[in-house]
Amino acid sequence: MKLDILLGLQWGDEGKGKIVDVLTPHYDVIARFQGGPNAGHTLEFNGIKHVLHTIPSGIFHSDKINIIGNGVVIDPVVFQKEIASLEKLGINPVENLFISKKAHLILPTHKWIDAMLEEQKGEQKIGSTLKGIGPTYTDKVARNGLRICDIIASDFLERFTAIYKKHTDLLIKNAFKPNEDLEIVFKTWFDSLQTVLRFKLIDSEYEVNRYLREEKKVLAEGAQGTLLDIDFGSYPFVTSSNTVAAGACTGLGVAPSQTGRVIGIVKAYCTRVGNGPFPTELFDETGEQLRKQGHEFGATTGRPRRCGWLDLVALKYSIMINGATEMVLTKADVMDNFDTIKICTAYQIDDKTTDRFPTEINDEVIPVFKEFKGWKQNLSEIKEYEKLPDAFKEYITFIEQETGIPISIVSTGSDRSETIIRA
Ligand code: GDP
Ligand code: IMO
Ligand code: MG
């Protein structure tokens, strides 16, 4: 079998968690390939809402294997909390959750460096989730990092101490004082490593490739979104990993020739948490309505998400970078009572119109909109594609024609059951 990849085509929070959960029954293995606890993936079923940060969104299906891949960075304290909340629900993830030995560890000092660097940036700050993501990936690339396999190495303490010293030297030099009790922080961190060690630590690249060889179906779960990618997002207002389909190859050790469907998740409007350019952002009543009706507050930090209209220029760019084969449209139901709905079809830059997402993208970009009539109907009550209102189907057809790829699933609410899979 080929590896299928599911990822966000915008700035994150497109509804990846919900859709992975919906698709899990069709797969044998779900594997996260990048990011870390900056992610917040929400799942809802049987009246329970659950937010996952590090653990793949297939975990609620006890007969499916879940893998945290080598491309992920793990904060053991966050991981321990996630495990505890699953266990509280009666779920025992020890049997079906495996961790790559090559995944990197987030240290408490990584979080402090994150905060220090953001503070230094002042007005130019990225708006990081401050989970230590950037500094952990920096150490990985600089070949200073600690990996999951290091926890059981005989010289772990020495290596930890060496990196800890490097970090504290930097923090002291910059006069950064963490506002936490160091003794408690480090005791908690070391204790949490024991939770990690309850799980099977694996060479996930061997296992994933074996599953594929054995004709098992594997779904790679992305975090963040294409426009937050370290190479292709609106740099420097991005995260520190490759969130795009290529990231699934490096983050799991699967060759490009072994990849199959690339399922791109698209929210029917756009949101962005943190700073950086956002051409279709709305600062008016409509933006407020999207935030309120869409409950657009961060699943990880609780910050209000910036909201705006769907941006086809950015979407087409994302589809190209990922080679997306299909889309899943989420949250159109949030606009059920809108009279009109807009889609950005081009950008105007210096009096010229373009359909390209510029490298130098900034706040000067003026979006060109096409207006659609609202469908004024409750989508979440509809269970068959054919029964969806014509105005909504026209909106879908327009997106498909413009992007050249189909919308294979329409999500009409946050619950697992509020999903229309097109035949
Ligand atoms: P992720 O990071 O991509 O997994 O997305 P988040 O979980 O951060 O944010 C998506 C939010 O929208 C969550 O609160 C979901 O429960 C919710 N959601 C997902 N799909 C839909 C949908 O189709 N309609 C509505 N109303 N909510 C949705
Ligand atoms: P999921 O997987 C939305 C944003 C942050 C910030 C930038 C860098 O839930 O879609 P970082 O913590 O990586 O240093 O932050 O990226 N960001 C996200 N925005 N959803 C996410 O994940 C995000 N993860 C990071 O807000 O702007
Ligand atoms: Mg999220």
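Let me start with ligand 1, which in this predicted model is surrounded by 20 residues, the closest being Lys16, Gly17, Thr42, Asp333 and Ser411. As for the polar contacts, a polar side-chain atom of Ser411 lies 2.5 Å from an oxygen atom of the ligand, a backbone N or O atom of Gly17 lies 2.8 Å from an oxygen atom of ligand 1, and a backbone N or O atom of Gly413 lies 3.3 Å from an oxygen atom of ligand 1. On its own, ligand 1 has 580 Å² of accessible area, and the protein covers 92% of that.

Where does ligand 1 sit? The program places ligand 1 in the second largest pocket, and the elements that give two or more residues to its shell are helix H1, residues 16-23, and strand E3, residues 41-45. By residue class, the shell around ligand 1 divides into two nonpolar, 10 polar and eight charged residues.

Let me stay with H1 for a moment, since H1 is mostly covered, with eight of its eight residues buried. Those buried residues are Lys16, Gly17, Lys18, Ile19, Val20, Asp21, Val22 and Leu23, and Lys16 and Gly17 are also among the closest residues to ligand 1.

Lys16 takes us to ligand 2, around which there are 20 residues, the closest being Lys16, His41, Thr129, Gln224 and Thr239. A polar side-chain atom of Lys16 lies 2.7 Å from an oxygen atom of ligand 2, a backbone N or O atom of Gln224 lies 2.8 Å from an oxygen atom of ligand 2, and a polar backbone atom of Val273 is 2.9 Å from an oxygen atom of ligand 2. Taken alone, ligand 2 exposes 550 Å², of which the protein buries 97%.

Ligand 2 sits in the largest pocket, and the residues of its shell divide into seven nonpolar, 10 polar and three charged. For the shell around ligand 1, to recall, the division was two nonpolar, 10 polar and eight charged.

Finally, a residue outside this discussion of the ligands: is Gln401, which is found in helix H11, residues 390-403, buried or exposed? Gln401 has a relative accessible area of 63%, and because the term exposed applies to values over 50%, Gln401 counts as exposed. Gln401 and Leu193 are 208 residues apart in sequence, and their C-alpha atoms are 50 Å apart in space.

Notes: Residues are numbered from 1 along each chain as its sequence is written. Chains are lettered from A and ligands numbered from 1 in the order in which they are written. This is a predicted model: local features need pLDDT of at least 70, side-chain atom pairs count only at pLDDT 80 or more; totals for chains, interfaces and linings use all residues. Side-chain values use heavy atoms; hydrogens and water are left out. A residue is near a molecule or strand if one of its heavy atoms lies within 4 Å of it. A polar contact is a pair of N or O atoms within 3.5 Å; within protein, one must be able to donate a hydrogen and the other to accept it, and residues adjacent in sequence count only if both atoms are side-chain atoms. Accessible areas come from the Shrake-Rupley method with a 1.4 Å probe; for residues, only the protein chains shown count as cover. On a 1 Å grid over the protein atoms alone, a cavity is a set of points where a 1.4 Å probe fits but cannot get out, and a pocket is an open set with protein on both sides within 12 Å along at least five of seven lines; lining residues have an atom within 4 Å of a point. A molecule sits in a cavity or pocket if more than half of its atoms lie within 2 Å of its grid points. Helices (H or I, at least four residues) and strands (E, at least two) are DSSP runs, numbered from the N terminus. Ala, Val, Leu, Ile, Met, Phe, Trp, Tyr, Cys and Pro count as nonpolar, Asp, Glu, Lys and Arg as charged, and the others, Gly among them, as polar. Buried means under 20% relative accessible area, exposed over 50%, partly exposed in between (1.4 Å probe, protein chains only).
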